[in-house]
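Work through these exercises with the model open beside you. Try each task before you read its solution.

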Amino acid sequence: MLNPIQVLCSDITSLSLEPEPFASYTEADIISTVEFNHTGELLATGDKGGRVVIFQREHESHEPEFDYLKSLEIEEKINKIRWLPQQNAAHFLLSTNDKTVKLWKVSERDKRPEGYNLKDEEGRMKNLSTVTSLQVPVLKPMDLMVEVSPRRVFANAHTYHVNSISVNSDHETYMSADDLRINLWHLGITDRSFNIVDIKPVNMEDLTEVITAAEFHPHHCNLLVYSSSKGTLRLCDMREAALCDKHSKLFEEPEDPSNRSFFSEIISSVSDVKFSHSGRYLLTRDYLTAKVWDLNMENKPLEIYQVHDYLRSKLCSLYENDCIFDKFECAWNGSDSVIMTGAYNNFFRMFDRNTNRDVTLEASRESSKPRAVLKPRRVCQGGKRRKDDISVDSLDFTKKILHTAWHPTENIIAIAATNNLYIFQDKLNQEMHG
């Protein structure tokens, strides 16, 4: 069963735990990234207005509820958020807009020091002539305060729009990728980075592909993968050369000439790539499919999942309304046994790799009463229609699930639908439908 726990708006002023009538929203309110931290205790969203909103899990409840914790303002659209593994009581996250990456510290305070010798209660310096004895300052309880502060700004390293950031497993470095270059940064150094991938041709008229996504291997700090608009994946080993222009492995599926069309290259462009938690597999998403690749097999994907093959006959109109360029993300569950990705009409898809079963579900306010069970949805293309089927011609292409996240250890998922964030609890093994 999928149980809606809360519906949260990205606009913190209208945060609500209960579904309410649709409010008007602006372009700035559209959620552009969703990310759980490594423990799953915190969930961050970024939007096109440059806001990052952080939710914290509420442990007093039996349900996995997330309450609004803090928001911060950043200029321009937030393209990606990545949490750093927690090293102490504070949390750190990286955010990026089109050009600049920032490191933020999120910390909590529930005590304050009192009884300074040289300062009064307001923090002003005392007249030293009035200090006649020494006292030991003490910590007094106070209302919990969440503080967010920018710690580093990594700027001036990208000419093109940043599409990916990824923290390395060494916990000291991260990479940022734009359309043509990938840079390696040290988290403590802001004024220089190392260019590790550069696909920019001498003459831009010779440009045939761009970088669409990039990620570090979860366990081997020398390995990274990046995807391209031509549908290929390149695995790079930083031990082999400082500049990873020569890939270690090229993952590419041979094209079937009989399926060649005007749209072939557009729909084969990889919009997202994710290493499995084990590090053995790669999950990619292109316009119509999700694919699982084995790192040991480059010539074809291990598994191919049709996300919305019923759109194949609609590519012409999807090209005309620009939907064909939508960039859908994908996610693994904690055990790498199930994958998830979004679709149109606020539908999202789950595929069980062990049973080959799949399910289509809908994130909507109509179905998000607390503890309501989400019913599987089915899209039909003519012929016999069941009672609750929806026709492919009735799909709403303005409602799209581009960004999803899966809790690292539990069956809890976060779904961004325009300006709304849905959190569902998932008893998956009982409810996968063929």
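N346 is buried, with a relative accessible area of 9%. Keep in mind that this is a predicted model. The first exercise starts from this residue.

**Exercise 1. Two residues in a loop**

Task: Find where N346 lies and state the sign of its phi. Then do the same for N345.

Solution.
- Step 1. Locate N346: the residue is in the loop between β23 and β24.
- Step 2. Read its backbone angle. Phi of N346 is positive, about 60°, although the residue is not a glycine.
- Step 3. Move to N345, which lies in the loop between β23 (338–342) and β24. Its phi is near 65°, again a positive value in a residue other than glycine.
- Step 4. Compare with the general rule. Most residues other than glycine have a negative phi.
- Step 5. Check burial. The cut-off for buried is under 20% relative accessible area. N345 has 10%, so it counts as buried. N346 has 9% and is buried.

**Exercise 2. A sheet of four strands**

Task: Give the strand order of the open sheet that contains β24, and say which strands stand at its edges.

Solution.
- Step 1. Write the order: β22-β23-β24-β25, with antiparallel pairing.
- Step 2. Look for strands with a single partner. These are β22 and β25 (358–362), so one side of each is left without a neighbour in the sheet.
- Step 3. Take the twist. Direction ignored, neighbouring strands of this sheet are turned by 20° against each other on average.
- Step 4. Zoom in on one pair. β24 and β25 are antiparallel and pair over 5 bridges. Here F348 stands opposite L361 in β25.

**Exercise 3. The nonpolar cores**

Task: How many residues make up the largest nonpolar core, and which of them have the most contacts inside it?

Solution.
- Step 1. Count the residues: the largest nonpolar core has 31.
- Step 2. Pick out those with the most contacts inside it. They are Y287, L311, L318, I324 and L395.
- Step 3. Ask which elements contribute. Helices α1 (264–268) and α2 (315–320) each supply at least two residues, and so do strands β19 (281–285), β20 (289–294), β22 (330–332) and β24 (347–352).
- Step 4. Follow Y287. Leaving out residues up to four places away in sequence, Y287 touches a list of residues including I267, H308, L311, L318, I324, F328 and Y344.
- Step 5. Look for another core. A second, separate one has 16 residues, among them A331, M340, I415 and F424.

**Exercise 4. Salt bridges**

Task: Which parts of the chain does the salt bridge between R57 and E410 tie together? Then examine the pair E253 and K291.

Solution.
- Step 1. Start with the total: the count comes to 24 salt bridges.
- Step 2. Check the distance for R57 and E410. Their side chains meet at 2.9 Å, N to O. The cut-off is 4 Å.
- Step 3. Place both residues. R57 lies in strand β4 (residues 51–58), and E410 in the loop between β28 (403–406) and β29 (412–417), so the pair ties together parts 353 residues apart in sequence.
- Step 4. Add burial. R57 is buried at 15% relative accessible area. E410 is partly exposed at 34%.
- Step 5. Turn to E253 and K291. Their closest N and O atoms are 2.9 Å apart. E253 lies in the loop between β17 (249–251) and α1, and K291 in strand β20, so this bridge ties together parts 38 residues apart in sequence.
- Step 6. Add burial here too. E253 is partly exposed at 31%, while K291 is buried at 14%.
- Step 7. Note a network: D29, D47 and R51 are linked by salt bridges.

**Exercise 5. A histidine in a loop**

Task: Is H217 buried or exposed? Which backbone atoms does its side chain reach?

Solution.
- Step 1. Locate H217: the loop between β14 (211–216) and β15 (223–228).
- Step 2. Read the accessibility. H217 has 3%, so it counts as buried.
- Step 3. Trace the polar contacts. The H217 side chain reaches the backbone nitrogen of H219 at 3.0 Å. The H217 side chain also reaches the backbone oxygen of G279 at 3.0 Å.
- Step 4. List the surroundings. Neighbours within four places in sequence aside, H217 is in contact with S169, L223, L224, F275, G279 and L295.

Technical notes
Residues numbered from 1 in each chain as written. Predicted model: local features only at pLDDT ≥ 70, side-chain atom pairs only at ≥ 80, totals over all residues. Heavy atoms only, no water. Core = buried A, V, L, I, M, F, W, Y, C linked by side-chain atoms within 4.5 Å. Buried < 20%, exposed > 50% of the residue type's maximum accessible area, 1.4 Å probe, protein only. Contact = heavy atoms within 4.5 Å. Polar contact = N/O pair within 3.5 Å; in protein donor to acceptor, adjacent residues only side chain to side chain. Pairing = 2+ DSSP bridges. Axes fitted to C-alpha atoms, helices over the stretch in contact; angles between N-to-C directions.
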